[in-house]
Amino acid sequence: MNNDRRIRLLLALLVILALVLAAGGALRLADAALSVLERLQENSALLYYGFIALMIAAAIGAGWLIWWLLAPVKRRPKKDREPITEETLSARIETERADSTDVSDAERELKELARRREAGKLFIALIGEVSTGKSTLIRALVPGATPETSPIAGTTREITHYHWISPSGDELILTDVPGTGDEGDLDTAAMDEALRAHVVLYVTDGDLNRAQYEDLLALATAGKPMIIVLNKADRYAEADLEAVRERVRERVAGLDQDLPVPMVVAVTGGGRRAVVEVGADGVEREVSREREPAVDDLKQAIQVAAGRNPDALDTLRDTAVFQLAARRLDEAALARRRVESAAVVRDYTRKAVVAALAAVSPGTDVLLQGYLGTAMVRKLCEIHDVPAREVDIQRFLDFAQGFVGRALPLMLAVAGNALKAFPGVGTVAGGLVHAVAYGMIFDALGKGLSQSLEESGGLQPATAARHFRENLGEDIRDRTLAMARLALEARRDGDS
């Protein structure tokens, strides 16, 4: 009999033995239960039925407890962020202004919104990648308009507005914006102008690529009503054009369930194209000819969009602008925090250098776990509006202390070599070397914590310590020289 057979036989015997033991236990339990019930029944009906009720209640309680322990935990859905209103935005602007944040960009967005509200016109932005024919399309929609057009990618470098009277007599403002996919700043300018508009005409000359789909998704997320304009339709045969149009329809159908599915309109904006002609002499020549514009379907689609509930379009536009202004405010607040954080890190780095120079026997415990380290952490958390519990501060400093204890010998050697680069220093005393090393520690500590607070929005000791370790090893030569200069200046100031 092979080993596998023996093992399976042994397992079978164990199963039989377990079954016998379980059956015996069940019989003994049943016998005991029946015996108890008989004795209770002989004494008092109240005691008998009370015991049964107690057992039923215990069984129900045990069942509920087992369900509570084993049932899958249902995650609470995250609460949606409160919608941004003009009142809440204005209140936040005043709060940020009191904190010395530059709120001019956010205020500029609200002033532009007020100007457009007063104008009472429908703003329609044309957006799309470079060379998809936006400027040429505007020229076809607005006869007499002369936007700069060129076959060179990215001709439009600024936002231009054109007044257009629709076939029904409505006055609309068509906005030609820089093409996306060319330069980062222009991408931002184009998307921002799209947020300021009531309706977006997203112009493409073929099926949507990934970047274009992401643009559309961002606009849909911001609640922008859109019309997808498939330009240069004359390049396609009718069957191919319909296939491309259907593919675009499929991709935009699920962008946002709360908005109407964007219309997909095929047009020819015009412009010039190269064709080959055979002259009277039989010689083929390439000549440039004007394309005949075909934009009637687009005019009709714009009229449909303009004819929708004007109040709803205004509300969607206003909401998108409030989001844009809030983003401007977020960026300004972040810039202010970065400047303030850098100033705090510089200040405490200098204090650490001075403290190391003054110490009789320098040690990282005094600096990292004492007043300076704790005070710097509190100050940086205050700048980032993050509550700092003592236990979290101490955990972060403990993490940092553990790493510094291992890295300190190497840092002292690096500091000593850096100081030798300064004339007149030569072989320096240990206090100056320690001062350079501690300056590097505090510089990396503050920058690592600032980076963690910015990314996570909270004091995460392990994450902040990881950023500290990463910062400690970055640009070590330049940082060491900078700390050496700082230490020498501090020593000279102390001697004078």
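This briefing covers the overall make-up of the chain, its six-stranded sheet, and selected helices. The model is predicted. The protein chain holds 16 helices and 8 strands. Of its 496 residues, 40% are buried.

**Whole chain**
- Among contacts with a separation of 6 or more, 71% join residues 24 or more positions apart.
- The exposed area of the protein chain is about 28400 Å², and carbon and sulfur atoms supply 56% of that area.

**The sheet**
- An open sheet is formed by 6 strands in the order β2-β3-β1-β4-β5-β6, with mixed pairing.
- The edges are β2 (160-165) and β6; each has a single partner strand, so one side of each has no neighbour in the sheet.
- From one strand to the next, the twist averages 25°.
- Strands of a sheet pair through backbone hydrogen bonds, in either a parallel or an antiparallel sense.
- At the β2 edge, β2 and β3 (residues 171-176) run antiparallel and are joined by 6 bridges. His161 has Thr175 in β3 as its bridge partner.
- β2 and β3 make a hairpin with 5 residues between the strands, and Gly169 in the turn has a positive phi of about 95°.
- At the β6 edge, β5 and β6 pair in the parallel sense over 4 bridges. Val229 has Val265 in β6 as its bridge partner.

**Helices lying across the sheet**
- α7 lies across β1 (122-128), β4 (199-204) and β5, and runs at about 175° to β4.
- α8 lies across β5 and β6, and its angle to β6 is about 160°.

**Helix α8 in detail**
- α8 covers residues 238-252; at 1.5 Å a residue, its 15 residues should span 21 Å, and the end C-alpha atoms are 21 Å apart, in agreement with that value.
- The buried residues of α8 include Leu241, Val244, Arg245, Val248 and Val252. Viewed down the helix axis, the buried residues of α8 fall within an arc of 100°, so they line one face of the helix.
- An α-helix has 3.6 residues a turn, so residues three or four places apart point the same way.
- Ala239 and Glu250 are exposed on the other side of α8.
- The cover over the buried residues of α8 includes α7 (210-221), β5 (226-230) and β6 (263-266).

**Helix α12**
- α12 covers residues 371-383; its 13 residues should span 18 Å at 1.5 Å a residue, and the end C-alpha atoms are 18 Å apart, which agrees.
- Leu372, Gly373, Thr374, Ala375, Met376, Val377, Leu380, Cys381 and Ile383 are buried in α12.
- Asp385 follows α12 and has a positive phi, near 55°.

**Ala190 and its surroundings**
- Ala190 belongs to helix α6 (residues 184-196).
- Ala190 has a relative accessibility of 1% and therefore counts as buried, the cut-off being under 20%.
- Leaving aside neighbours within four places in sequence, Ala190 is in contact with Ile127, Val177, Pro178 and Thr180.
- One of these, Pro178, is 12 residues from Ala190 in sequence, and the two C-alpha atoms are 5.6 Å apart.

Conventions:
Residues are numbered from 1 along each chain as its sequence is written. This is a predicted model: local features need pLDDT of at least 70, side-chain atom pairs count only at pLDDT 80 or more; totals for chains, interfaces and linings use all residues. Side-chain values use heavy atoms; hydrogens and water are left out. Helices (H or I, at least four residues) and strands (E, at least two) are DSSP runs, numbered from the N terminus. Buried means under 20% relative accessible area, exposed over 50%, partly exposed in between (1.4 Å probe, protein chains only). Contact means heavy atoms within 4.5 Å. Accessible areas come from the Shrake-Rupley method with a 1.4 Å probe; for residues, only the protein chains shown count as cover. The expected span of a helix is 1.5 Å times one less than its number of residues. The arc is that of the directions from the helix axis to the C-beta atoms. Two strands pair if DSSP finds at least two bridges between them. Axes are lines fitted to C-alpha atoms, for helices over the stretch in contact, and angles run from 0 to 180 degrees between N-to-C directions.
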